[in-house]
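I opened a fresh notebook page for this structure. My plan is to look things up one by one and write down what I find.

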Amino acid sequence: SKWKNLLEKLSAIEDLEEEEIAEILDAQDPELEKELFQLADQKRKEYVGDEVHLRGLIEFSNFCRKNCLYCGLRKDNKTLKRFRMSPEEIFSVAERAHRLGIQTIVLQSGEDLHYDAKTLAELIWKIKKLGVAVTLSVGEWEEEEYIIWREAGADRFLLKQETFDRELFSKLHPDDDFDQRLRCQQKLMEIGFQTGSGNIVGLPWQTTKHLAHDIKMFQKMDFDMIGIGPFIPHPSTPLGQHHTDTQLKLKLTLKTVALTRILTKNAHIPATTALGTLVAGGRELALRCGANVLMPNLTPLAYRSSYEIYPGKICIQENWGACIPCMKKMVEKMGRKVATNPGHSLKNRSRVHS
Ligand code: 5AD
Ligand code: SF4
Ligand code: FES
């Protein structure tokens, strides 16, 4: 086909120029998509195997000091009922998750200044004693705080750049500085965290050039983890009216996942809840074109619907813990395996893992 050369190059050297990536993202050719997804699936198998890692997500506070234009947790969204879990409550959820076989606990919140560094550190220490890996996803903090949490035993940290285009970043983030966010990610790596970045696909003003640049940056910065999800407009935000074609956005997100797998080789890549929200079966599609991680929602049901980053989020009416067997079934149905290890980074950085 017309794409033979690019696909052969991708397969052989696992690299492309930014312009070539944009060409692939722009193409609306089912034949190309099929071959790209097949190649990404093959590289996934080669570099990270058939194991799918379950990362148990506890969304422990939806308070946020910031006003990112796309996010339902933004400070100015006065329609949202805010909640905070106490450290004791968070620990008890982590304990129950561990008993169900979960080997990574992800602690996620808005940027909430209510929990000081020491409080979180003590919680991390306690959860680590269960014998699980701990991932933090709590936003931008000072190096001091990152170090305290690392010393308390936290293994990983997710802090997405959301977009690697400076101009688009500043349009979307009235409270943030592009370079500051980048520096945070570099600091996290230096401190010894397994570090996750990622982007949102289908944002207003975003072009395929921007996305191609994101993918090249994922490759250059060699992140341990990369989260890629579609933009889902939230009606109570400034971007609430920005609806675009679902199928196009789905394809664009899957192509971004596939290209990211091929270019980053062994990064951990989740099949995001946002993709499962965009379309039924979205996460399964991602698992077939590069993804190797799932994130069961373990937030107590009383709070779950209030962690409304975007509307229509799946898994909010389930029994607590229901995502775990549901995902196990999903993985096995696909002929894959649920991992029986904590799924640390596969990158070689001579880092000390827990
Ligand atoms: N649509 C999709 N993803 C979103 N996020 C925030 N708001 C939205 C939205 N409207 C993502 C961001 C953030 C993650 C927790 O949720 O990428 O890092
Ligand atoms: Fe707050 Fe994060 Fe949402 Fe931005 S994306 S408003 S920092 S929760
Ligand atoms: Fe949450 Fe199926 S994954 S209910």
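I start with a term: a polar contact is a pair of N or O atoms within 3.5 Å. I also note that I am working with a predicted model.

**Entry 1: ligand 1**

I looked first at glutamate 162. One of its polar side-chain atoms lies 2.5 Å from an oxygen atom of ligand 1. That pair falls within the 3.5 Å limit, so I log it as a polar contact. Next I checked lysine 160. An N or O atom in its side chain is 3.0 Å from an oxygen atom of ligand 1. Then I turned to the backbone. Isoleucine 232 places a backbone N or O atom 2.8 Å from a nitrogen atom of ligand 1.

How much of the accessible area of ligand 1 does the protein cover? I read off 84% of the 410 Å² that ligand 1 has on its own.

I wrote down the surroundings as well. Ligand 1 has Tyr70, Cys71, Gln108, Lys160, Glu162, Ile200, Pro230, Phe231, Ile232, Ile309 and Tyr310 around it. I sorted this shell by type: eight residues are nonpolar, one is polar and two are charged. As for its place, ligand 1 sits in the largest cavity.

**Entry 2: ligand 2**

Where does ligand 2 sit? I find ligand 2 in the largest cavity. Its neighbours are Cys64, Lys66, Cys68, Tyr70, Cys71, Leu73, Arg74 and Gly110. I sorted this shell too, and it holds five nonpolar residues, one polar and two charged. Tyr70 and Cys71 are listed around ligand 1, and both names appear again around ligand 2.

**Entry 3: histidine 344**

I moved on to the segment after β9 (337-338), where histidine 344 is found. Is histidine 344 buried or exposed? Its relative accessible area is 17%. Buried means under 20%, so I mark histidine 344 as buried.

I then looked for side-chain partners. The side chain of histidine 344 has a polar contact of 2.9 Å with the side chain of glutamine 194. Another polar contact, of 3.0 Å, links it to the side chain of arginine 156.

**Entry 4: leucine 346**

Leucine 346 also belongs to the segment after β9. I noted a relative accessible area of 39%, and leucine 346 is partly exposed. I checked one distance from here. The C-alpha atoms of leucine 346 and glutamate 122 are 28 Å apart, with their positions 224 residues apart along the chain.

**Entry 5: valine 331**

I located valine 331 in helix α14, which covers residues 323-333. Valine 331 is buried, at a relative accessible area of 1%. I looked up a distance for this residue as well. Its C-alpha atom is 22 Å from that of arginine 96, and the two residues are 235 residues apart along the chain.

**Entry 6: positive phi angles**

Which phi does glutamate 14 have? I read a positive value of about 50°, although glutamate 14 is not a glycine. Glutamate 14 is in the loop between α1 (4-13) and α2 (18-26). I list glutamate 14 as buried, with a relative accessible area of 8%.

Cysteine 315 is not a glycine either, and its phi is positive at about 70°. I place cysteine 315 in the loop between α13 (301-304) and α14. Its relative accessibility is 15%, so cysteine 315 counts as buried.

Methods
Residues numbered from 1 in each chain as written. Chains lettered and ligands numbered in written order. Predicted model: local features only at pLDDT ≥ 70, side-chain atom pairs only at ≥ 80, totals over all residues. Heavy atoms only, no water. Helix = DSSP H or I, 4+ residues; strand = E, 2+ residues; numbered from the N terminus. Buried < 20%, exposed > 50% of the residue type's maximum accessible area, 1.4 Å probe, protein only. Polar contact = N/O pair within 3.5 Å; in protein donor to acceptor, adjacent residues only side chain to side chain. Near = heavy atom within 4 Å. Areas by Shrake-Rupley, 256 points an atom, 1.4 Å probe, with all protein chains shown as cover. 1 Å grid on protein atoms, 1.4 Å probe; cavity = no way out; pocket = protein on both sides within 12 Å on 5 of 7 lines; lining within 4 Å. Sits in = over half its atoms within 2 Å of the grid points. Nonpolar A, V, L, I, M, F, W, Y, C, P; charged D, E, K, R; others polar.
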